[in-house]
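Student: I would like to take a close look at a single part of this model, the place where the ligand sits. Could you guide me through that part with care, and then set it in the context of the whole chain?

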Amino acid sequence: MTTNLVPDHVPPEMVRDFSLFTSPGMSPTPNGDPHAAVACAHDGPPIFYSPYNTQDGRGTWVITRAADQRKVLQDTETFSSHRSIFSSVLGETWPTIPLELDPPAHGVFRSLLSPLLSPKRVRVLEPAVRERAVTLIDSIAASGTSCDVMKEFAFPFTVSIFLRFLGLPDHRLDTFVGWAKDLLHGDGVKRPVAARTIVTFIDELATNRRKEPVDDLMTFIVQAQVEGRRLTDEEIRGIGVLVFVAGLDTVAAAIGFDLAYLARNLKDQELLRSEPDRIALAAEELLRAYPPIQLIRVATKDIDFEGAPIRKGDYVSCATMIANRDPAEFGCPNTIDLAREDNRHAAFGYGPHRCLGSHLARREIIIGLEEWLARIPAFRIKKGTAPITCGGHVFGIENLILDWS
Ligand code: HEM
């Protein structure tokens, strides 16, 4: 059991030795399966208290049932999103936008941004997404019969789509991949340095676009108006940073876990290769099985929630990886069935903050799988190597060396 202090109002019988950061299988683990490991949350009570369950080492209530999570995520008056996860790395408190705003401000910014990520807009972006996937995979196929998917495909792919979205050329790709890696996986020294570099970059880009507008996201943001006024520098930064962080690790992790699954399940791999029409449905099941994010809310008032005495200021965790293994929601939740229908999974969250990038994310994942399966013959995990997985705030896969010799 961790030694973190449990608040006095938490009944000792509601405390469980469970953490997305420190439970078995959560630290970097060769051939790990952190999603299967956290499914054990369903062996106990539906709500419990974990004394250590955030990046900065705080305790949270853990809501295990999908239906209860939906109640929390819908009730933004009682459960706030204001947390400053990114800026706190820099010792600051500005929110990423719209993620860390509550209504009514949240709705104002969400309405501003949602047309940029609408299905229609994603259809316009799609040829560029596919071209990027094809270029990367063709180059991998031409250079041998093995590669590290995370390094050579998943990260460059997602970062280059972010660049395209911001209207930046691909020649800065390696620099951005480096920043992203340091930010997401760096130590206590590298993370703040990367965070500061990204903030400075976003601030400078905003200044440039104000001076010389072009047809891209940042120009749109600096010219936009909310409630009859221009956005402040802090709001522009909050949006720019979120778009960078939101679509990066999440899509890369999804592609990594999906290809790792297919490398270990050759029948499913062959089925999707020979019948690519199945990929869209399969991608939903893989999003259910391998969702990357834990959502955290902060209680704004005391409330007794389904038997849990939640007090003002308590953190409440709605982990999508736990909701997606809820036996009350999914038949045989620990079985991966690529033909599963009616898949109401929680990977993109729920309620007012439901992922704005879900259309883009889905298309990136599906296009990534389609082009990979069309260009790379039967692949497995390379002998003598082991993908390293990790739990935490965003579940991830550090390396995935595939072989098709
Ligand atoms: C597989 C990939 C992805 C997953 C699993 C994912 C998941 C999520 C989840 C669970 C939330 C809700 C967070 C909360 O309620 O606290 C969210 C919010 C958000 N996501 Fe994604 N996301 C993905 C990719 C993307 C991409 C590619 C973008 C866009 C470039 C994006 C943009 C956003 C934005 C802007 C929000 C904030 C929405 C709001 O607060 O109203 N996401 N995402």
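Student: To begin with, what distance separates an oxygen atom of the ligand from an N or O atom in the side chain of Arg 110?

Tutor: That distance is 2.7 Å in this model, between an oxygen atom of the ligand and an N or O atom in the side chain of Arg 110, and please keep in mind throughout that the model is predicted. The side chain of His 106 also takes part, with an N or O atom placed 2.7 Å from an oxygen atom of the ligand. Leu 99 contributes through its backbone, where an N or O atom lies 3.4 Å from a ligand oxygen.

The metal is the next point to consider. The iron atom of the ligand has Cys 355 as its only protein donor, and the donating atom is SG, at 2.3 Å. In terms of secondary structure, Cys 355 is found in the loop that runs between α13 (320–323) and α14 (358–375).

Around these contacts one can draw the wider shell, which holds 24 residues, the closest being His 106, Arg 110, Arg 297, His 353 and Cys 355. Sorted by class, the shell around the ligand consists of 15 nonpolar residues, six polar residues and three charged ones. Several elements of the chain supply at least two shell residues each, namely α3 (105–113), α9 (233–246), α10 (249–264), β8 (294–299) and α14. Of the shell around the ligand, the largest share comes from α14, which gives three residues.

The loop between β4 (79–80) and α3 deserves a separate look for its backbone, since Pro 98 has its place there, and Pro 104 is located in that loop between β4 and α3 as well. The peptide bond joining Ile 97 and Pro 98 is cis, with an omega of about 5°. A cis peptide bond is also present from Pro 103 to Pro 104, where omega is near 5°.

If we return to the loop between α13 and α14, we also find Arg 340 there. Arg 340 counts as buried because its relative accessibility is 11%, a value to be read against the limit of under 20% for buried residues. Its side chain forms a polar contact of 3.0 Å with the side chain of Glu 285, and a polar atom of the Arg 340 side chain lies 3.1 Å from the backbone oxygen of Thr 335. Leaving aside neighbours within four places in sequence, the residues in contact with Arg 340 are Leu 281, Glu 285, Arg 288, Phe 330, Gly 331, Cys 332, Pro 333 and Thr 335.

A second buried side chain can be described in a similar manner, that of His 35, which has its place in helix α1. With a relative accessibility of 0%, His 35 counts as buried, and a polar atom of its side chain lies 2.8 Å from the backbone oxygen of Pro 291. Not counting residues up to four places away in sequence, His 35 touches Phe 257, Ala 289, Tyr 290, Pro 291, Met 321, Arg 325 and Phe 395.

Two residues with positive phi should be set beside these. Asn 31, in the loop between β1 (29–30) and α1 (34–38), has a phi near 55°, which is a positive value in a residue other than glycine. Asn 31 counts as partly exposed, because its relative accessibility is 47%. Glu 227, which lies in the loop between β6 (225–226) and β7 (229–230), has a phi near 45°, again a positive value in a residue other than glycine. Glu 227 is exposed, with a relative accessible area of 66%.

Finally, the whole chain provides the setting for the ligand site. The protein chain has 14 helices and 15 strands, and its C-alpha trace spans about 60 × 55 × 40 Å along the principal axes. A compact globule of 405 residues would have a radius of gyration near 22 Å, and the 21 Å of the protein chain therefore agrees with that expectation. Of the 405 residues, 54% count as buried. Among contacts in the protein chain with a separation of 6 or more, 68% are between residues 24 or more positions apart.

How values were computed
Residues are numbered from 1 along each chain as its sequence is written. This is a predicted model: local features need pLDDT of at least 70, side-chain atom pairs count only at pLDDT 80 or more; totals for chains, interfaces and linings use all residues. Side-chain values use heavy atoms; hydrogens and water are left out. Donors are N, O and S atoms within 2.8 Å of the metal (3.2 Å for Na, K and Ca); water is not among the atoms, so sites may look incomplete. Helices (H or I, at least four residues) and strands (E, at least two) are DSSP runs, numbered from the N terminus. A residue is near a molecule or strand if one of its heavy atoms lies within 4 Å of it. A polar contact is a pair of N or O atoms within 3.5 Å; within protein, one must be able to donate a hydrogen and the other to accept it, and residues adjacent in sequence count only if both atoms are side-chain atoms. Ala, Val, Leu, Ile, Met, Phe, Trp, Tyr, Cys and Pro count as nonpolar, Asp, Glu, Lys and Arg as charged, and the others, Gly among them, as polar. The radius of gyration is taken over C-alpha atoms; the globule rule is 2.2 Å times the number of residues to the power 0.38. Buried means under 20% relative accessible area, exposed over 50%, partly exposed in between (1.4 Å probe, protein chains only). Contact means heavy atoms within 4.5 Å.
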